[in-house]
Amino acid sequence: MATTKLKKWAVRRIRFYKDKYIFKLKRYTIAVLTSDKSDVSIALSYAFGTLIALLPTPGFSTAIGIGFMTIFKQLNKMAVLLSMMVWNAITIIPVYWLSYKLGSSISNSLPDVEVQNETIRQILLFFKQFALGNLALTIPISIASYFLAILLLQLARRMRLRKVEKRENKIIA
């Protein structure tokens, strides 16, 4: 009896958060698409948000993004927040895993840090592998997200222009 109530409660809770996430994602996407800023500015903001979200600062990436948005006024706030929504905790886990794997293959050619304590040496080795891999993975993903954002923005604006033209043709006819 209690477990069925708990299951129902958990399902309702998961559905609530999923709906809330999808609502925010749609709201940010619509705000980006209806923005009066140029496609290049929006795509740069999205790529910058991707870069911040992928850096190994779990939990602080949104605060860092908001800090940069207050400093650099030309960043599109909704594009940065949209990229933070896309690169959430679920999608970031595979990126961090790939960062470590890539970094371990890169750092094999680099010399190890000489430290007396074995625990500290292992921590430094792990950090070196993860940081190198994250940097090697984050920069190409951010560049690719810039070009993907440009492509999607141009496609969305063309589709919106077609809808407006169809409405005008219906009104005239």
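Lys and Arg count as positive here, while Asp and Glu count as negative. Keep that in mind as you look at this predicted model, where R158, R162, K163, K166, R167 and K170 form a positive patch on the surface. The structure also holds two salt bridges, and a nonpolar surface patch is made by L148, L151, L152, L155 and M159. Let's take these topics one by one.

**The surface patches**

- The positive patch is built from R158, R162, K163, K166, R167 and K170.
- One of its members, R158, sits in helix 6, which covers residues 118-172.
- R158 has a relative accessibility of 44%, so it counts as partly exposed, because that label covers values between 20% and 50%.
- The nonpolar patch brings together L148, L151, L152, L155 and M159, and their accessible area adds up to about 480 Å².
- L151, one of these residues, is also found in helix 6.
- With a relative accessible area of 55%, L151 is exposed, because anything over 50% gets that name.

**The salt bridges**

- Side chains of opposite charge can pair when their charged atoms come close.
- How many salt bridges does the structure hold? There are two.
- One of them joins the side chains of R157 and D39, at 2.6 Å from N to O.
- That pair ties together distant parts of the chain, since R157 is in helix 6 and D39 is in helix 2 (residues 39-54), 118 residues apart.
- Is D39 buried or exposed? D39 has 18% relative accessibility, so it counts as buried, because the cut-off for buried is under 20%.
- Its partner R157 comes out at 23% relative accessibility, so R157 counts as partly exposed.
- In another salt bridge, the side chains of E118 and R121 meet at 2.9 Å, N to O.
- E118 and R121 are three residues apart in helix 6, so about one helical turn separates them.
- Both ends of this pair are partly exposed: E118 has a relative accessible area of 43%, and R121 has one of 23%.

**The two sides of helix 3**

- Helix 3 runs through residues 61-71, and S61, G65 and M69 are buried in it.
- Look down the axis of helix 3 and its buried residues fall within an arc of 75°, so they line one face of the helix.
- Which residues are exposed on the other side of helix 3? Those are A63 and I71.

Definitions and conventions. Residues numbered from 1 in each chain as written. Predicted model: local features only at pLDDT ≥ 70, side-chain atom pairs only at ≥ 80, totals over all residues. Heavy atoms only, no water. Patch = residues over 30% accessible without salt bridge, like charges linked within 9 Å, V, L, I, M, F, W, Y side chains within 5 Å. Areas by Shrake-Rupley, 256 points an atom, 1.4 Å probe, with all protein chains shown as cover. Salt bridge = Lys/Arg side-chain N within 4 Å of Asp/Glu carboxyl O. Charge placed at Lys NZ, Arg CZ, Asp CG, Glu CD. Helix = DSSP H or I, 4+ residues; strand = E, 2+ residues; numbered from the N terminus. Buried < 20%, exposed > 50% of the residue type's maximum accessible area, 1.4 Å probe, protein only. Arc of directions from axis to C-beta.
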